[in-house]
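Here are some short exercises to work through with the model open beside you. Try each task before you read its solution.

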Amino acid sequence: MTQTPNYEIPTEMRDFAEKSVEQARKAFDSFIGAARKTADTLQGSAELARNNAQTASTRGFSYAEQNVNAAFDLAQKLVRSRDIQEAMQHQAEFVRSQFAAMQSQAREFGNLTQSAMQQGAENAKQAMQQGAEHARNAMQQGADAARNTANNATNAAKDAAS
């Protein structure tokens with residue numbers, strides 16, 4: 001039976017391998033952290049968009065209800081009118097008040113939309129900036145880890161040769 005020779009791994013090589021694994025783990029943890037922060041920022045942006053859409057929807061239903069109630073009020077006034085002149089007066093008042101209400105509603109919807117767009121754009125800008133910064137940091141840490149690994153390998157090889 002032939003016995004296989006027993007090669008012992010030098011301490012320097014084991015230290016080098018251990019440091020390399022630690023550096024790779026740190027670089028990976030940094031990358032995952034950056035990805036999570038970016039995902040959290042994007043989730044916040046999506047939540048903001050959902051809230052803005054919900055606000056607009058709620059406001060829209062409220063306005064629709066107000067406008068329909070105003071129309072029913074007009075109908076009731078028209079039914080109770082004593083003559084055509086009173087009915088025409090109620091109609092004219094309704095047209096004036098509804099025109100003012102619709103102008104106000106349109107302004108408010110415009111403001112809501114503008115605010116939502118500005119918030120969304122600002123959040124998207126921040127998310128992109130943060131994501132790019134986190135990615136740069138992760139890449140830098142990875143590059144630093146690679147340099148350290150190369151230096152450690154060179155040093156371990158020199159120590160093993162001596």
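**Exercise 1. Find how far apart the end C-alpha atoms of residues 30–123 lie, and what share of the span is helix.**

Step 1: The end C-alpha atoms of residues 30–123 are 23 Å apart.
Step 2: The span is 97% helix and 0% strand, where helices (H or I, at least four residues) and strands (E, at least two) are DSSP runs numbered from the N terminus.
Step 3: An unreviewed UniProt entry annotates residues 30–123 as "domain: Phasin". UniProt positions follow the numbering used here, feature names are shortened, and annotations may be inferred rather than shown by experiment.

A word on the ground rules: residues are numbered from 1 along each chain as its sequence is written. This is a predicted model, in which local features need pLDDT of at least 70, side-chain atom pairs count only at pLDDT 80 or more, and totals for chains, interfaces and linings use all residues, while side-chain values use heavy atoms and leave out hydrogens and water.

**Exercise 2. Work out how spread out the protein is, beginning with its helices and strands.**

Step 1: Counting elements gives 2 helices and 0 strands for the protein.
Step 2: The radius of gyration is 35 Å, well over the 15 Å from the globule rule for 162 residues, so the protein is more spread out than a compact globule. That radius is taken over C-alpha atoms, and the rule is 2.2 Å times the number of residues to the power 0.38.
Step 3: Along the principal axes, the C-alpha atoms fill a box of roughly 120 × 35 × 15 Å.
Step 4: Buried residues (under 20% relative accessible area; exposed is over 50%, partly exposed in between; 1.4 Å probe, protein chains only) make up 16% of the 162 residues.

**Exercise 3. Decide whether His134 is buried or exposed, and list what His134 touches.**

Step 1: Locate His134 in helix α2 (residues 84–161).
Step 2: With a relative accessible area of 17%, His134 is buried.
Step 3: Leaving out residues up to four places away in sequence, His134 touches Ala34, Lys37 and Thr38, contact meaning heavy atoms within 4.5 Å.
Step 4: Phe31 is 103 residues from His134 in sequence, yet their C-alpha atoms are 7.7 Å apart in space.

**Exercise 4. Do the same for Gln98: is Gln98 buried or exposed, and which residues does Gln98 touch?**

Step 1: Gln98 lies in helix α2.
Step 2: Its relative accessible area is 11%, so Gln98 is buried.
Step 3: Gln98 touches Asn67 and Ala70, again not counting residues up to four places away in sequence.
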